[in-house]
Amino acid sequence: MGSLYSEHRTWLHAVPAGWKLGLLVLLSTGIFWLSTPLALGVACAASALLFVSLGAAMSPAIRLLKALGIAAALVLVFHAVLQQPVVGLVSVLRMVAASLLSIALTLTTRSGDLQTVLERLLKPLAPLGVRADRFALQLALMLRFIEHFFVAWKRLDDAYRLRTGKGGGLKLLAPLTIQMLQTARRVADTLDVRLGE
């Protein structure tokens with residue numbers, strides 16, 4: 001499966017996965033508590049500075065940033081049509097700030113490290129019948145499939161652009177869906193063999 005993890009080492013790679021995950025939760029919660037454009041603008045600028053500080057490690061996420069920009073523009077237009085420009089601005093600033101933090105975590109943290117952290121966090125629930133290892137695996141797989149979606153999309157778009165000289169757009173939806181289903185099937189078969197369930 002494809003991954004957005006960057007092998008280009010940065011200062012954030014050295015921070016333990018548990019600390020990064022905890023800070024992401026705290027900062028994202030704080031961002032959603034803010035309600036004024038000024039405060040959210042400062043938070044968004046801080047998130048952008050953190051992201052830019054990763055330097056060359058940002059390159060795997062360029063396509064993801066374009067998608068984020070399109071989503072932000074659509075939200076602004078939607079609220080402008082509803083004559084709620086301030087609500088639109090607040091929503092976009094929240095979305096961009098939280099997304100940049102999440103992408104930074106994805107670029108600098110291996111999925112295996114996140115799975116280990118999740119297993120430790122879920123262990124106290126074992127007396128209630130919760131299997132921490134399986135639940136953590138499910139969460140890790142969900143995150144990996146999100147990464148794989150964007151990696152597969154980029155590969156298909158690059159291949160289409162080489163052949164035609166332009167982006168694939170919605171024409172890539174069918175082959176992308178087929179690839180994702182094939183990947184899901186291979187992962188399911190592998191888990192069936194390894195876990196025996």
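**Reading cores, a helix face and salt bridges**

Author: Leaving aside neighbours within four places in sequence, phenylalanine 51 is in contact (heavy atoms within 4.5 Å) with Met58, Ala61, Leu65, Leu100, Ile103, Ala104 and Leu107. This is a predicted model, where local features need pLDDT of at least 70, side-chain atom pairs count only at pLDDT 80 or more, and totals for chains, interfaces and linings use all residues. Residues are numbered from 1 along each chain as its sequence is written, and side-chain values use heavy atoms, with hydrogens and water left out.

Reader: Which residues touch the most other members of the largest nonpolar core?

Author: Start with the term. A nonpolar core is a set of buried Ala, Val, Leu, Ile, Met, Phe, Trp, Tyr and Cys residues joined through side-chain atoms within 4.5 Å. Buried means under 20% relative accessible area, exposed over 50%, partly exposed in between (1.4 Å probe, protein chains only). Here the largest core has 34 residues, and Phe51, Leu54 and Leu107 touch the most other members. Two or more residues come from each of H1, H2 (37-52), H3 (62-81), H4, H5 and H6. Helices are DSSP runs (H or I, at least four residues), numbered from the N terminus. H4 gives the largest share, eleven residues. Another core, of eight residues, lies apart from this one; Ala152, Tyr160, Leu172 and Val187 are among them.

Reader: Why do the buried residues of H5 line one face?

Author: An α-helix has 3.6 residues a turn, so residues three or four places apart point the same way. In H5, the buried residues are Leu114, Val117, Leu118 and Leu122. Seen down the axis, they fall within an arc of 130° (directions from the helix axis to the C-beta atoms), so they line one face of H5. H5 covers residues 111-122, twelve in number. Its first and last C-alpha are 16 Å apart, close to the 16 Å expected (1.5 Å times one less than its number of residues).

Reader: How many salt bridges are there?

Author: Side chains of opposite charge can pair when their charged atoms come close. The rule: a side-chain nitrogen of Lys or Arg within 4 Å of a carboxyl oxygen of Asp or Glu. The count is two. Glutamate 7 pairs with arginine 110, closest N and O atoms 3.5 Å apart. Glutamate 7 lies before H1 (17-33) and arginine 110 in the loop between H4 (85-108) and H5, so the pair ties together parts 103 residues apart in sequence. Glutamate 7 is exposed, at 55%; arginine 110 is partly exposed, at 41%.

Reader: Where do aspartate 157 and arginine 161 lie?

Author: Both are in H6 (residues 132-164), four residues apart, about one turn of the helix. Their side chains meet in a salt bridge, 3.0 Å from N to O. Aspartate 157 is buried, at 6%. Arginine 161 is partly exposed, at 41%.
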